[in-house]
Amino acid sequence: MMRMPIRIILFVRPLFESQIKPYLGEETRKFFLNLIDDNLISRIRGLEKAPYAIKPLHPASKCKIIINGKWLISPRDRLTMEFDIIDPGIEERVLAIFKHILNELNVVNIAGLDLVLERAIYKLISYEDFFNSFYKNTYVIRFLTPTIIGRRIYPVKEPYYRLFPSPVDIYEGLLHLWNKYCPESFKVHEDKFLKWLQQNVYARAYRLKTSEITIKNIRIAGFKGFVKYVIKNYDNEQFIALLLALTKFGEISNIGVKRTYGCGVISLSVCKHCDK
């Protein structure tokens, strides 16, 4: 049986009213790492590209209420967080650990916040599912958490970060992740696809804002908002299908850097009037 990416989605409710910082990517990551065993942590840290991504704790169905820089939470709020595993070598082990531990727990703690565990959902996503996409000449990517796209200039060791999501910047990173963890039959020739992408996909409309977060006591600037992309040439249906499949894969893997801290959470949609 072919191993597939796994989405682990938890729904929780706070026990008490609280005021906490708005972005809990680092704290959600810490919760995840505390659940899994040392052998898995050693394997994860030994990989060049992280085999998992995190959607930080956030409201399940409404916007955060932010007052004076604090997120106001009450026991009436239903919250959710997500842990996505894309490495076929660890996904079964991670799933087994989650199921075992969460069956024993009624309350979990993140950033000093006691949360009642209401529900856990486990979803297996096949690579074939990524290709079940719509065919439109425009599509929208929404950047739901601060997104940080890094580019490295050689021979300079330190990377720099871009605050606009050009197609090549997005899909070059996604393609590296895809080829590293997908089954052999789904691997893609990167140079040919990226050349086609440069010539045929561009941003038509966008609404973005800079968003700063703190990770390990360092302030990092990313962007949030949406971009509408246009596919101007429909001659290569194989690459169009791959383009949309990679975007759907990005909904699981996150994009850019600091994916394991909840950065780069995206969603794919079609919206005719999003630029108005």
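These are my notebook entries on one chain and on Ile44 within it.

**Ground rules.** I'm working with a predicted model, where local features need pLDDT of at least 70, side-chain atom pairs count only at pLDDT 80 or more, and totals for chains, interfaces and linings use all residues. Residues are numbered from 1 along each chain as its sequence is written, and side-chain values use heavy atoms, leaving out hydrogens and water.

**Whole chain.** I looked up the make-up first and found 7 helices and 14 strands; these are DSSP runs numbered from the N terminus, with helices being H or I of at least four residues and strands E of at least two. The radius of gyration is 19 Å, close to the 19 Å that the globule rule gives for 276 residues, so the chain is as compact as a globular protein of that length. For that, C-alpha atoms are used, and the rule is 2.2 Å times the number of residues to the power 0.38. I also noted that the C-alpha trace spans about 55 × 45 × 40 Å along its principal axes.

**Burial.** Of the 276 residues, 50% count as buried (under 20% relative accessible area, with a 1.4 Å probe and protein chains only).

**Ile44.** I then went to Ile44, which sits in helix α2, residues 38–45. Is Ile44 buried or exposed? It's buried, with a relative accessible area of 7%. Skipping neighbours within four places in sequence, I found Ile44 in contact with Ile36, Pro51, Tyr52 and Ile90 (contact means heavy atoms within 4.5 Å). I checked Asp87 too: Ile44 and Asp87 are 43 residues apart in sequence and 9.4 Å apart in space, C-alpha to C-alpha.
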